[in-house]
Amino acid sequence: MNTETPRKSRRRRGPLISAAAVACAAATAAAGLIALNTSDGGAGTAEAAPAAAGNAAKAAGAGALIWRDEFNRPAGTAPDGGKWNVEVNGDGGGNGELQYYTNRRDNLAHDGNGNMVITARKGNPGDYQCHYGYCQYTSGRMNTAGKFEHAYGRFEARIQIPIGQGIWPAFWMLGNDLGQVGWPNSGEIDIMENIGSQPADVHGSLHGPGYSGGNPITGSYYHPQGWAFADTFHTFAVEWSPNSITWFVDGNAYQTFTPADTRGNPWVYDHPFFMILNVAVGGSWPGAPDASTQFPQQMKVDYVRVYDLG
């Protein structure tokens, strides 16, 4: 099923998931991380070891584990269709991205070692057509629209991100009323974004009416040693309550936004959202790959978990 969801370029992200697709799919820096708040407004496998998830929840100060995918399926198998939709399109995400999102296992598959792997590749094995013509790259994108949509809680994933000029991995959420009210009125919560040419930075943002595209409420984590986040797995999370959203890396809070930060615009984070994982190639924020970019590039996701905040 084509569930073409919009993503904003960090400096601009545009529309498009159809109502039919939605209906169908239905703080402080710490531990070696520096927070750069740019707002203008004011290994565990829980199925194999349930205690691990419980300990993570306790460490996070969260409540009950209410949803999870531990990605413990055989190598080469597709995402769990009971939990995820696989998006198929070459529309560029509203950002001029260059990839075609496929449902091929060489772009999106379990690795047999407890990870979901999203692989961006150079080439066009399916003769795919993109918005700009013959596609140059393929990648993968998956979402929980219509399968898991929830308001409030701790949304967390343990991820090893890719690296390189023009590579754009993300873990993010969109409001489930997207098909009715459109973007950005539905709201967008970017839990983690990175552009591969800046490997020591990850970003967290809000997009809503009056603060979207090139004008989000946003901040970033910078690794002071200059270590690439691609070097190993890191845990990225938000804790979302009715009147605040706080971002974390590896358990360390680095920014909180509240209704006071929306510059007098609506706070639209009061209804269920669905989650998205993807690796884009090119686009208005990261720019196109160049001769320095090595392919394939992989984003490995150890788990995604959602907790009640208790």
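**Notes on the predicted model**

1. Let's start with Glu-87: at 0% relative accessibility it counts as buried, since the cut-off for that label is under 20%. In this predicted model, Glu-87 is found in the loop between β3 (85-86) and β4 (99-101). Its side chain has a polar partner, too: the side chain of Asn-143, at 2.8 Å. If you're clicking through, I'd put Glu-87 and Asn-143 on screen together, as that polar contact runs from side chain to side chain.

2. Now for a loop residue with the opposite label. Gly-264 lies between β18 (252-257) and β19 (273-281). Gly-264 counts as exposed because its relative accessibility is 79%, and the label needs over 50%. Along the chain, Gly-264 and Gly-210 are 54 residues apart, while their C-alpha atoms are separated by 8.7 Å.

3. On to the cysteines. How many disulfides does a search of the whole structure find? The search turns up one, and it joins Cys-130 to Cys-135, with 2.0 Å from S to S. The link is right-handed, with 115° about the S-S bond. Cys-130 and Cys-135 are both buried.

4. Next, the nonpolar packing. The largest nonpolar core has 49 residues, and those with the most contacts inside it are Ile-159, Ile-189, Leu-206, Phe-236, Tyr-269, Leu-277 and Val-304. Which element gives this core its largest share? That would be β19, with five residues. There's also a second, separate core of eight residues, with Ala-170, Trp-172, Trp-183 and Ile-276 among them. As background, nonpolar side chains in soluble globular proteins tend to be buried together.

5. Ile-159 deserves its own point. Leaving aside neighbours within four places in sequence, Ile-159 is in contact with Phe-171, Met-192, Thr-232, Phe-233, His-234, Phe-236, Leu-277, Met-299, Lys-300 and Val-301. Two of these names, Phe-236 and Leu-277, also appear with Ile-159 among the residues with the most contacts inside the largest core.

6. Finally, confidence. The mean pLDDT of the chain is 85, and 80% of its residues reach 70 or more. Where does pLDDT stay under 50? That's the stretch of residues 1-59, for which the model still has 193 contacts beyond four places in sequence. Where pLDDT is low, the predicted coordinates should not be read in detail. So I'd leave those contacts uninterpreted, given that pLDDT stays under 50 over the stretch.

Key:
Residues numbered from 1 in each chain as written. Heavy atoms only, no water. Disulfide = S-S within 2.5 Å. Buried < 20%, exposed > 50% of the residue type's maximum accessible area, 1.4 Å probe, protein only. pLDDT = per-residue confidence, 0-100. Contact = heavy atoms within 4.5 Å. Helix = DSSP H or I, 4+ residues; strand = E, 2+ residues; numbered from the N terminus. Polar contact = N/O pair within 3.5 Å; in protein donor to acceptor, adjacent residues only side chain to side chain. Core = buried A, V, L, I, M, F, W, Y, C linked by side-chain atoms within 4.5 Å.
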